Amino acid sequence: IENTDDISVVSEASNGTQAITEAARLEPDIVLMDVQMPDGDGIEATRQILSVPDTPTRVIMVTTFELDRYVFESLQAGASGYLLKRTRPAELVEGIRLVAAGDALLSPSITRRLVEEFAEHHITEPACNELVGTLTEREREVLINVAQGYSNSEIAARLHISESTAKTHLKRVMMKLNLRDRVNAVVFAYETGLIRPGTSGD
């Protein structure tokens, strides 16, 4: 990471408590978080870091574990990405750039599978349904397509609009629903019943 021109390492932490303290002090754009650490695990540290109102920080979990349970818990805690420690350096750096730009670091197929299982065991909050009512018909269409795993360019093609227009609609959706990134958008769509587990985008 330090060998890149556009990314700087501002701090390192050896445990969960220190990670929370450093994130609060520095407000970094990205935190690379281990799942298992002494003095507070990474998932709880992520939850606390992201619970701060208006925090600019996004979290990428970097771990040796491929267990779905850890991924589910990371998503629930608000993480924007999940990478394995065997990920190549170039892919890690690209992942940081991707999340910093506001995207989620999970492939569409993995996102759907994980969120569907999460949604099946999650009770929809009434407030979520009220927020859906603030969306225009086009914004709802864009959100549904995001939940089905389509990229901005694919959404544009499916809805016969330009990619920039698709991005604008998605940005408005994020603002209206107070969502952090695409992962949050997918979770929201399943939580509110806009899309059901097992729904295909085809």
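A pocket here is an open set of points on a 1 Å grid over the protein atoms alone, with protein on both sides within 12 Å along at least five of seven lines. Everything shown below comes from a predicted model.

**Figure 1. The second largest pocket, up close**. This one has a volume of about 690 Å³. Its lining takes in 25 residues, and those nearest the centre are Val-9, Ser-11, Ile-30, Val-31 and Leu-32. If you're wondering which elements give two or more residues to that lining, they are α1, β1 (30–33) and α4. By residue class, the lining splits into 16 nonpolar, 3 polar and 6 charged.

**Figure 2. The whole chain, for orientation.** Before zooming in again, here's the overall layout: the protein has 10 helices and 3 strands. Follow the sequence and you get α-β-α-β-α-β-α-α-α-α-α-α-α. Of the 202 residues, 47% are buried. Take the contacts with a separation of 6 or more, and 63% of them are between residues 24 or more positions apart.

**Figure 3. Inside the largest nonpolar core**. Which of its 24 residues touch the most other members? They are Leu-143, Val-146, Ile-155 and Leu-177. Helices α7 (137–147), α8 (152–159), α9 (163–177) and α10 (182–191) are the elements that give two or more residues each to this core. There's also another core, apart from this one, with 18 residues that include Leu-50, Tyr-70, Ala-77 and Tyr-82.

**Figure 4. Val-146 and its surroundings on α7**. Leave out residues up to four places away in sequence, and Val-146 touches Ile-155, Leu-170, Arg-182, Ala-185 and Val-186. Val-146 is one of the buried residues of α7, along with Glu-139, Val-142, Leu-143, Asn-145 and Ala-147. Just after the helix comes Gly-149, which takes a positive phi of about 95°.

**Figure 5. A salt bridge between distant parts of the chain**. Side chains of opposite charge can pair when their charged atoms come close. In this view, Arg-97 and Asp-6 meet at 2.8 Å, N to O. Where do the two partners sit? Arg-97 belongs to helix α4 (residues 89–100), while Asp-6 is in the segment before α1 (16–26), and 91 residues separate the pair. Arg-97 has 34% relative accessibility, so it counts as partly exposed. A search of the whole structure turns up 9 salt bridges.

**Figure 6. Two salt bridges within helices**. An α-helix has 3.6 residues a turn, so residues three or four places apart point the same way. On helix α2 (residues 42–50), Glu-44 and Arg-47 are 3 residues apart, about one turn of the helix. Their closest N and O atoms are 2.8 Å apart in a salt bridge. Glu-44 comes out at 32% relative accessibility, which makes it partly exposed, and Arg-47 is partly exposed too, with a relative accessible area of 36%. On helix α9, Lys-167 and Glu-163 are 4 residues apart, again about one turn. Their side chains meet in a salt bridge at 4.0 Å, N to O. Lys-167, at 44% relative accessibility, counts as partly exposed, and so does Glu-163, at 37%.

**Figure 7. A salt-bridge network**. Which residues are joined into one network by salt bridges that share partners? Asp-6, Glu-94 and Arg-97 are. The Arg-97 and Asp-6 pair from Figure 5 belongs here, with its 2.8 Å N to O distance.

Terms used: Residues are numbered from 1 along each chain as its sequence is written. This is a predicted model: local features need pLDDT of at least 70, side-chain atom pairs count only at pLDDT 80 or more; totals for chains, interfaces and linings use all residues. Side-chain values use heavy atoms; hydrogens and water are left out. A nonpolar core is a set of buried Ala, Val, Leu, Ile, Met, Phe, Trp, Tyr and Cys residues joined through side-chain atoms within 4.5 Å. Buried means under 20% relative accessible area, exposed over 50%, partly exposed in between (1.4 Å probe, protein chains only). Contact means heavy atoms within 4.5 Å. On a 1 Å grid over the protein atoms alone, a cavity is a set of points where a 1.4 Å probe fits but cannot get out, and a pocket is an open set with protein on both sides within 12 Å along at least five of seven lines; lining residues have an atom within 4 Å of a point. Grid points are joined across faces, edges and corners, and a volume is the space filled by probe spheres set on the points. Ala, Val, Leu, Ile, Met, Phe, Trp, Tyr, Cys and Pro count as nonpolar, Asp, Glu, Lys and Arg as charged, and the others, Gly among them, as polar.
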